[in-house]
Amino acid sequence: MGNEKKGMFDWYFKSNLLLRILIGLVLGAIAGMVAGDSILWVKPLGDIFVRLLKMIVTPIILTTLVVGSASISPAELGKVGVKIVVYYLITSAVAVAVGLLMGNLFHPGLGLDLGAIGEAAGRALEKPSLANTFLNIIPTNPFGALSSGDVLPIIFFAIMFGLAISYLKISKDTRIQETGNLLFKFFDGAAEAMYKIVGWVLQYAPIGVFSLLAVVFAQQGAKAIGPLGTVTFACFLGYIIHLIVVYGGFLALNNLSFFTFLKGAKEAMITAFVTRSSGGTLPITMRNADENLGIAKNVYSFTLPLGATINMDGTAIYQGVCALFIGFAVGLPLNFSQQMTVILTAVLASIGTAGVPGAGAIMLLLVLDSVGLPIEQGSPVAAAYAMILGIDAILDMGRTCLNITGDLVGSAVVAKSENLLDLSKWGK
């Protein structure tokens, strides 16, 4: 009897999570349009999801960014390390800009009219200037930033603290080295605990998405479908543009054939598209780098795992499009200063959050917080966020594929610059 109870919900937990979230989106939309106002009783179920999301944001930022930056060993950051980190940061910044360009071109969410968000909306429109935004990145009180949930100051402090730990770990003083390793183990353990909690929260996501979407479609009707299609189109167009213009441009500047690259990387790209996992694709990415693209092992063994940790170009494009979608949907289009903040937040947050389950959706929470559009219980921002979460499985395929493609391009470019690329694999 006990075993029967234990296995009662096995079918739910063993089924694909992203598929369940997508089903929650579809059922929520149908229920909202069919039942109308009579479905509004599910609203508290959606509010529970919002509160759970808000609960995990600050500890996720702190623990993952400390571990992410502490994992970049100063001893290994030689010429190859510096080149690949600069490449990853530049392409990530360009990727967010591409996402924002797509958002500004297609205006996803415009006309959805989810409603103003009261006083919070007024405050969001009074964002500080760009200069003050950069200045406010440096916290005067890190603990105050943690308690109030100020995203950019938390990110800055976490990266600084993580880098300090990385130096402690390589100290010649045994006591200091042990202290550094102890701190790293503590934050690594805390980050792993947060991954577990994120996993639990995401198990509730299909119910939360169903509830939030049912309320949206009860109030908006079928006109909410169009903006989701626009978001999907804008994201995938951004992925393609970034692939051809940015990656193709980097390869062309280094006299490497774009089509030869695609032929050599296609197995890893297809695997990433299907599995939606950069980490899970890593063995295939490494094999393609070695056998097909001729990248030296001492280059790709460092650049590819690092890329899986800090390089998220596809996710960065997604952030840009989705942040603008939510701004338009709630009647608060992001101004230039806020869009620059989106770029800064997405690039800095990518250092740690790549290892988090549902990394793109978690990063989007950070981006929204940074531009004055926090997820609040019962707010239109929460409803718009749930709409994005509902189609996340579709968007995730493209962004994961682009993420690992960027890792391979960077590895090839850096290897070429260090004369560690077998050019015979490129037909030369």
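Colleague: Which way does α17 pass α18, in a right-handed or a left-handed crossing?

Modeller: In this predicted model, α17 passes α18 in a right-handed crossing.

Colleague: And why are α17 and α18 called roughly antiparallel?

Modeller: Helix α17 covers residues 359-370 and helix α18 covers residues 380-390, and the two pack at an angle of about 155 degrees, with their axes 11 Å apart. Angles over 145 degrees count as roughly antiparallel, so α17 and α18 get that label.

Colleague: What makes the contact between them, residue by residue?

Modeller: On the α17 side there are Ala 361, Ile 362, Leu 364, Leu 365 and Leu 368, and on the α18 side Val 381, Tyr 385, Ile 388 and Leu 389. Sorted by class, the contact of α17 with α18 has nine nonpolar residues, no polar ones and no charged ones.

Colleague: What is α15 called relative to α18, and why?

Modeller: Oblique. The axes of helix α15 (residues 313-329) and α18 come within 9 Å and cross at roughly 140 degrees. Roughly antiparallel needs an angle over 145 degrees, and roughly perpendicular stops at 115, so α15 ends up oblique to α18. As for handedness, α15 passes α18 in a right-handed crossing.

Colleague: Which residues meet there?

Modeller: From α15 you have Tyr 318, Cys 322, Phe 325, Ile 326 and Ala 329, and from α18 Val 381, Ala 384, Tyr 385, Met 387 and Ile 388. The class count for α15 with α18 is 10 nonpolar, no polar and no charged residues.

Colleague: Tyr 385 keeps coming up. What is Tyr 385 in contact with?

Modeller: Leaving out neighbours within four places in sequence, Tyr 385 is in contact with Leu 53, Ile 326, Ala 361, Ile 362, Leu 364, Leu 365, Leu 368 and Ile 375. Tyr 385 is also among the residues with the most contacts inside the largest nonpolar core, together with Phe 49, Val 231, Ile 295 and Phe 325. That core has 134 residues.

Colleague: Which helix gives the most to this core?

Modeller: Helix α10, residues 174-220, with 15 residues. Apart from the largest core lies another, of six residues, among them Val 42, Ala 214, Val 215 and Ala 218.

Colleague: How do α11 and α15 meet?

Modeller: Their axes come within 9 Å and cross at roughly 145 degrees, and α11 passes α15 in a right-handed crossing. Pro 227, Leu 228, Val 231, Ala 234, Cys 235, Gly 238, Tyr 239, His 242 and Tyr 247 of α11 meet Asp 313, Gly 314, Ile 317, Tyr 318, Val 321, Cys 322 and Phe 325 of α15. By class, that contact of α11 with α15 has 12 nonpolar, three polar and one charged residues.

Colleague: Now to single residues. Why is Ala 193 called partly exposed?

Modeller: Ala 193 has a relative accessible area of 38%. Buried would be under 20% and exposed over 50%, so Ala 193 is partly exposed. Ala 193 sits in helix α10, and its C-alpha is 9.7 Å from that of Ile 60, although the two are 133 residues apart in sequence.

Colleague: How do you know whether Phe 156 is buried, partly exposed or exposed?

Modeller: Its relative accessibility is 29%. With buried under 20% and exposed over 50%, Phe 156 therefore counts as partly exposed. Phe 156 is in helix α9, residues 151-169. Not counting residues up to four places away in sequence, Phe 156 touches Ile 137, Ile 138 and Pro 139. Its C-alpha is separated by 9.7 Å from that of Leu 62, 94 residues away along the chain.

Colleague: What makes Asn 255 count as exposed?

Modeller: The cut-off for exposed is over 50%, and Asn 255 has 52% relative accessibility, so Asn 255 counts as exposed. Asn 255 is in the loop between α11 (225-253) and α12 (258-275), and its phi is near 60 degrees, a positive value in a residue other than glycine.

Colleague: Why is a positive phi worth a remark?

Modeller: Because most residues other than glycine have a negative phi. Asn 419 also has a positive value, with phi near 55 degrees. Asn 419 lies in the segment after α19 (392-417) and, at 70% relative accessibility, counts as exposed.

Colleague: And how many helices and strands does the protein have?

Modeller: There are 19 helices and zero strands. Of the 428 residues, 54% count as buried.

Terms used. Residues are numbered from 1 along each chain as its sequence is written. This is a predicted model: local features need pLDDT of at least 70, side-chain atom pairs count only at pLDDT 80 or more; totals for chains, interfaces and linings use all residues. Side-chain values use heavy atoms; hydrogens and water are left out. Axes are lines fitted to C-alpha atoms, for helices over the stretch in contact, and angles run from 0 to 180 degrees between N-to-C directions. Helices (H or I, at least four residues) and strands (E, at least two) are DSSP runs, numbered from the N terminus. Angles under 35 degrees count as roughly parallel, over 145 as roughly antiparallel, 65 to 115 as roughly perpendicular and the rest as oblique. A crossing is left-handed if the near helix is turned anticlockwise from the far one by less than a right angle, and right-handed if clockwise. Contact means heavy atoms within 4.5 Å. Ala, Val, Leu, Ile, Met, Phe, Trp, Tyr, Cys and Pro count as nonpolar, Asp, Glu, Lys and Arg as charged, and the others, Gly among them, as polar. A nonpolar core is a set of buried Ala, Val, Leu, Ile, Met, Phe, Trp, Tyr and Cys residues joined through side-chain atoms within 4.5 Å. Buried means under 20% relative accessible area, exposed over 50%, partly exposed in between (1.4 Å probe, protein chains only).
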